Amino acid sequence: GPAVVMLLLTVLLIGITIFLNCRSVRALHLQDEVDFKAEKYAITATLVTSYLFTWILWPVASLLTLSDQSFPSGLMIAGALLGHGQALVNPILYGWAWKHYFLEGKHEVTVKETS
């Protein structure tokens, strides 16, 4: 039922996210001359940690549902706090840190229309 779909989808997306972040860290590692390299590692690690703490409860809840067990006391409130907490943290991580350390100094590309 829905718990199986949620479990498969969540595990797949968590795996894809971890894979892409590992590729990002590897690409950063292979570059010799990078400004703020330590900060970029730290921001990427913080992004992955925040993501995992927030989404790890979905597979747990799906497994509990599939095994016909009740949720432990506090699991749902923990999920709510982590989910809404991520909504508070993301503007700092993406809006400030990512922009400051990864996008600062990048130039926008403009496309000229030709007729």
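In this account, two residues are in contact when they have heavy atoms within 4.5 Å. Of the contacts in the protein with a separation of 6 or more, 69% are made by residues 24 or more positions apart. The structure is a predicted model, in which local features need pLDDT of at least 70 and side-chain atom pairs count only at pLDDT 80 or more, while totals for chains, interfaces and linings use all residues. Residues are numbered from 1 along each chain as its sequence is written, and side-chain values use heavy atoms, with hydrogens and water left out.

The overall plan may be described next. The protein has four helices and zero strands, where helices (H or I, at least four residues) and strands (E, at least two) are DSSP runs numbered from the N terminus. Read from the N terminus on, the elements follow the order α-α-α-α. The radius of gyration of the protein is 19 Å, well over the 13 Å that the globule rule gives for 115 residues, so the protein is more spread out than a compact globule. This radius is taken over C-alpha atoms, and the globule rule is 2.2 Å times the number of residues to the power 0.38. Along the principal axes, the C-alpha atoms fill a box of roughly 60 × 40 × 25 Å.

The surface is described by accessible areas, which come from the Shrake-Rupley method with a 1.4 Å probe; for residues, only the protein chains shown count as cover. The accessible surface of the protein amounts to about 8,800 Å², and 67% of this belongs to carbon and sulfur atoms. A residue is called buried under 20% relative accessible area, exposed over 50%, and partly exposed in between (1.4 Å probe, protein chains only). By this rule, 21% of the 115 residues count as buried.

Helix α2 (37-55) offers an example of a buried residue. Lys40 lies in this helix, and its relative accessibility of 13% places Lys40 among the residues that count as buried. Which residues does Lys40 touch, not counting those up to four places away in sequence? They are Leu28, Val34, Asp35, Tyr101 and Phe102.

Between α2 and α3 there is a loop that holds Ile56. Ile56 is partly exposed, at a relative accessible area of 42%. Although Ile56 and Gly79 are 23 residues apart in sequence, their C-alpha atoms are 9.0 Å apart in space.

Helix α3 (57-66) has several buried residues, namely Leu57, Pro59, Ala61, Ser62 and Leu64. What covers them includes α1 (2-30), α2 and α4. Just after α3, Asp68 takes a positive phi of about 55°, although Asp68 is not a glycine. Asp68 belongs to the loop between α3 and α4 and counts as exposed, with 73% relative accessibility.

Helix α4 (75-103) includes three consecutive positions that may be read together. Gly79 lies in α4 and counts as partly exposed at 26% relative accessibility. Gly79 and Leu64 are 15 residues apart in sequence, with 14 Å between their C-alpha atoms. Ala80, also found in α4, is partly exposed, with a relative accessible area of 32%. Ala80 and Thr54 are 26 residues apart in sequence and 9.0 Å apart in space, C-alpha to C-alpha. Leu81, in α4 as well, is exposed, with a relative accessible area of 62%. From Leu81 to Gln31 there are 50 residues in sequence and 37 Å in space, C-alpha to C-alpha.

The final topic is empty space. Rolling a probe the size of a water molecule over the atoms shows where such space is left. On a 1 Å grid over the protein atoms alone, a pocket is an open set of points where a 1.4 Å probe fits, with protein on both sides within 12 Å along at least five of seven lines; lining residues have an atom within 4 Å of a point. The largest pocket contains about 310 Å³ of space, a volume being the space filled by probe spheres set on the points, which are joined across faces, edges and corners.

Which residues lie nearest the centre of the largest pocket? Of the 15 lining residues, these are Leu57, Trp58, Ala61, Met76 and Gly79. Helices α2, α3 and α4 each supply at least two residues of the lining, and α4 gives the most, with six. The lining divides into nine nonpolar residues, six polar and no charged. Here Ala, Val, Leu, Ile, Met, Phe, Trp, Tyr, Cys and Pro count as nonpolar, Asp, Glu, Lys and Arg as charged, and the others, Gly among them, as polar.
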